[in-house]
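Colleague: I should be grateful for a close look at a single part of this model, set out for a first-year student. Please choose one strand, describe its surroundings, and then proceed to the aromatic rings and a few individual residues.

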Amino acid sequence: MKRLITLMMLLSFIIGSTQARDRKHEFSVSAGALTTNDILDLYTSVLTTTFTMGYYKEENKDISAAYGASYKYYLTKRFSLGADFTYQSMTADAVSGDQQVGTTDKSFYTFAARADFNYVANPAFKLYSGIGIGFTQINQEYTPNSSGDTPNTVNEGTINFQINALGIKVGRGFGAFLEGGFGYRGIVNVGLFAAF
């Protein structure tokens with residue numbers, strides 16, 4: 001109990017001491033939906049199904065959110081530069097003819113540089129837009145049901161981007177944000193941040 005009280009007092013001191021000055025650094029975690037990775041996977045699946053005339057397809061897809069971690073450095077109160085990392089996974093049943101022959105697991109790792117501009121730069125409320133561009137590493141693994149079939153692994157990469165049309169951020173040292181845009185973070189992205 002004494003450790004918890006000491007930790008809370010230390011945290012209160014740190015937060016209190018940073019409220020008098022501008023916070024230049026910001027870390028955040030987020031989750032997004034409907035990403036460019038989703039669209040890329042859908043496009044690939046449609047091409048594969050069409051090319052094999054429906055003989056091979058992926059069914060029962062399970063797609064995770066795009067989980068992200070970001071860092072921003074505020075050059076001014078309106079403009080920041082930073083970096084994004086996002087991870088997203090997908091699993092599906094591989095179907096050949098009418099039989100499930102295995103499973104497909106895909107992982108998407110995105111590393112990107114980003115820039116944001118605050119239209120409203122109040123210490124406790126920000127309204128902003130931004131852009132990010134980077135690289136997505138795609139790792140795909142096919143695991144057959146039959147021990148006689150050969151597993152297959154494919155690793156490839158592609159350029160990826162994020163355009164945040166509008167973001168809303170509420171909070172000073174700690175807070176939450178909601179972004180609407182398109183790209184590797186998703187059409188909708190929500191998260192928490194800490195600034196110091």
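Modeller: The following account begins with one strand and its partners and then moves outwards. Please bear in mind throughout that the model is predicted.

The strand chosen is S8, which covers residues 174–183. Its side chains alternate between two faces. Gly175, Phe177, Glu179, Gly181 and Gly183 point to one face, and these residues are buried. Phe174, Ala176, Leu178, Gly180 and Phe182 point to the other face and are not buried. A student may follow this pattern by stepping along the strand in the display and noting the face to which each side chain turns.

Strand S8 has a partner in S7, which spans residues 152–171. The two strands are antiparallel and are paired over 9 bridges. They form a hairpin, with 2 residues between S7 and S8. One of the bridges can be located by its residues: Gly171 has Gly175 of S8 as its bridge partner. Gly175 is also among the residues of S8 that point to the buried face.

Strand S8 is also joined to S9, in this case by 7 bridges, and these two strands likewise run antiparallel. Here Ala176 stands opposite Leu192 of S9. S8 and S9 form a hairpin as well, with 4 residues between them. In that turn, Gly186 has a positive phi of about 110°.

Gly171 merits a separate look. This residue belongs to strand S7. It counts as buried because its relative accessible area is 19%, and the cut-off for a buried residue is under 20%. When neighbours within four places in sequence are left aside, Gly171 is in contact with Pro123, Ala124 and Phe193. Gly171 and Phe125 are 46 residues apart in sequence, yet their C-alpha atoms are 6.3 Å apart in space.

Phe193, one of those contacts of Gly171, leads to a charged neighbour. The charged end of Lys169 sits over the ring of Phe193, at 5.2 Å from the ring centre. Lys169 also lies over the face of Tyr128, where the distance from the ring centre is 5.1 Å.

Lys169 is, in addition, in contact with Lys72. Lys72 is placed in strand S3, residues 66–74. With a relative accessibility of 5%, Lys72 is counted as buried. Beyond its neighbours within four places in sequence, the contacts of Lys72 include Lys24, His25 and Glu26, together with Arg114, Asp116 and Tyr128. Ser80, Leu81 and Gly82 are in contact with Lys72 too.

The aromatic rings come next. A pair of aromatic rings is described by the distance of the centres and the angle of the planes. In the whole structure, a search finds 6 aromatic pairs. One of them is formed by Phe27 and Phe196: the pair is stacked, at 5.9 Å centre to centre and with 15° between the planes. This pair links distant parts of the chain, since Phe27 lies in strand S1 (residues 25–33) and Phe196 in the segment after strand S9 (188–195), 169 residues apart. Phe27 counts as partly exposed, at 44% relative accessibility. Phe196 counts as partly exposed at 38%. The pair of Tyr87 and Tyr109 is tilted, because the ring planes stand at 45°; the ring centres are 5.2 Å apart. Tyr87 belongs to strand S4 (residues 79–96) and Tyr109 to strand S5 (residues 99–122), so this pair ties together parts that are 22 residues apart in sequence. Tyr87 has a relative accessible area of 27% and is therefore partly exposed. Tyr109, with 28%, is partly exposed. Finally, Phe27 and Phe196 belong with Tyr71 to one aromatic cluster.

Two further residues concern the backbone. Leu34 has a phi near 60°, which is a positive value in a residue other than glycine. Leu34 is located in the loop between S1 and helix H2 (36–51), and it is exposed, with a relative accessible area of 52%. Asn60 has a positive phi as well, near 55°, and is likewise a residue other than glycine. Asn60 is found in strand S2, residues 56–63. Its relative accessible area is 61%, and Asn60 is therefore exposed.

Notes
Residues are numbered from 1 along each chain as its sequence is written. This is a predicted model: local features need pLDDT of at least 70, side-chain atom pairs count only at pLDDT 80 or more; totals for chains, interfaces and linings use all residues. Side-chain values use heavy atoms; hydrogens and water are left out. Rings of Phe, Tyr and Trp (its six-membered ring) pair if their centres lie within 6.5 Å; planes under 30 degrees apart count as stacked, over 60 as edge-to-face and the rest as tilted. Buried means under 20% relative accessible area, exposed over 50%, partly exposed in between (1.4 Å probe, protein chains only). A charge sits over a ring if NZ of Lys or CZ of Arg is within 6 Å of the ring centre and within 35 degrees of the ring normal. Two strands pair if DSSP finds at least two bridges between them. Contact means heavy atoms within 4.5 Å.
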